[in-house]
Every structure is written in C-alpha cells, then in structure tokens.
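Student: Could you take me through one part of this structure closely, namely its aromatic rings and how they pair? I would like each term explained as it comes up.

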Amino acid sequence: MDNSYLIYAIGFLAQGFFSARILVQWAMSERARKVLSPSVFWILSIAGAYLLCLYGWLRNDFAIVLGQVISYYIYLWNLNIKGVWRRVPMLLRIVLILTPVVAGVCVAGNAAEFIDRFLLNSDIPMWLVIYGSLGQILFTLRFIYQWLYSRREGESTLPAGFWIISLAGSLAIVSYGIIRHDPVLIIGQSFGLVAYVRNLIILKKETNLK
C-alpha cells in the first residue's frame, strides 16, 4: 500500500472529527436557537488535533503541526471547565497531558533534523511555510480568544469573535491548501465556512431578541 494513501486517510479522519464537531455544535445551536459550546465539541477537537498533528508530521508540514499545538491545551481547559475532564480515565489524562511535552522534548533533542525536515524542506519554500504558519496562527487565535472570553465569563462559550476569526483563518488555510495541493486542508476547511457564517447569524438573532 502506498504510504501517501495512509497519510491522507489519517488527515481525512482528523478533518472528519473537526467537521463532526462543527456539525454537532451547529445542529445543537439551531435547536436551542442560540450558540452553544457543547462538551462533545471539545472531545472531537482533541481527537481531531491528535490525528491532524500526526498528519502534519508525516507530511513534513510545520504549519499544520504548529496550529494544532497552540490550541491543544485550550481544548483540555474547556473540557475541564465543563466538568468532563474529571470523568476521563487517569491513564488517558496523563497521555493527553504529556504527549505534546514528550514531542517537544524529542524535537529539542533533534533540533537540527527538525529544522532540515520542516523549515528547510525543498518541497515547501520558506515563504509558503511562513504564509501557512501565519494562517494557522490566525485560525488558532480563535481558541485563544475563546479561552480569554470564557475565563472572563466563567463558563465555556463560543462568542461572535470566535466565529469571525474562524472565517478569516479558514479562508487563509484554504488558500494555503490550494497552493500545497492538499485536499485534506481544502475540503476540511471549506466545510466549516457555512457553519461559521450560520453561527454568526444565530448570534445576531439571539442579540436582537434580548
């Protein structure tokens, strides 16, 4: 079996989790007529991040790996504030917490190889690495914004700013995926665009009713 098929399978499975989280969140919000932040959204986020980080690693794509690492612990924080984290088996909690740390230690121990593989990769010019990384950072800023907003509110919530940043970041990643000829990024990100717009519409209606 060609390894590229396996790599793409991992990527599409990761995007499947991400698409499922948006679909479930969207459906639940439509039913409630207000934008919700359900626990399943964050559970699917962790599953998707795990697999997409692996996909990025196998594709030698620094931008993808960077995007998942930034938001990873915010997913865990949301699970904790929603009371889900304490119900996760202890062994799994340890694995989830330590995985990025262990990966970071491995990267630090092989820094030269990491730079050659991800930053000096002849298949991905430096300008494209920078462009893709900026797109991922912008897209990931939505979770930093969501985290700060939720901390202030004292509950896990998905405010309007989250969806606005999602739109901008998603468009940037789609364009990066087109340049990279990466169907995983193109299809995965395109799916979310409709849901981001719809959540903004729901939020506007919700505001008008108050």
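Tutor: Helices (H or I, at least four residues) and strands (E, at least two) are DSSP runs, numbered from the N terminus. Counted in this way, the protein chain has eight helices and zero strands. Before we turn to the rings, please keep in mind that this is a predicted model, in which local features need pLDDT of at least 70 and side-chain atom pairs count only at pLDDT 80 or more, while totals for chains, interfaces and linings use all residues. Residues are numbered from 1 along each chain as its sequence is written, and side-chain values use heavy atoms, with hydrogens and water left out.

Now to the rings. Rings of Phe, Tyr and Trp (for Trp, its six-membered ring) pair if their centres lie within 6.5 Å, and planes under 30 degrees apart count as stacked, over 60 as edge-to-face and the rest as tilted. By this rule the structure holds 12 aromatic pairs. One of them joins Tyr8 and Tyr55, whose centres are 6.4 Å apart with 45° between the planes, so that the pair is classed as tilted. This pair links distant parts of the chain, since Tyr8 belongs to helix 1 (residues 3-32) and Tyr55 to helix 2 (residues 39-58), 47 residues apart.

To describe how covered these residues are, we call a residue buried under 20% relative accessible area, exposed over 50%, and partly exposed in between (1.4 Å probe, protein chains only). Tyr8, with a relative accessible area of 24%, is partly exposed, whereas Tyr55, at 0%, is buried.

Another pair is formed by Tyr72 and Tyr73, which meet edge-to-face, at 5.3 Å centre to centre and with 90° between the planes. Here Tyr72 is buried, with a relative accessible area of 5%, while Tyr73, at 36%, counts as partly exposed.

Ring pairs can also join up into a group: Phe41, Trp42, Tyr75, Phe143, Phe162, Trp163 and Tyr196 are linked by them into a cluster.

A ring may also have a charge over its face, which is counted if NZ of Lys or CZ of Arg is within 6 Å of the ring centre and within 35 degrees of the ring normal. Arg142 lies in this way over the face of Phe139, at 3.8 Å from the ring centre.

As a setting for these details, buried residues make up 43% of the 210 residues in the protein chain, and the C-alpha trace spans about 55 × 40 × 35 Å along its principal axes.
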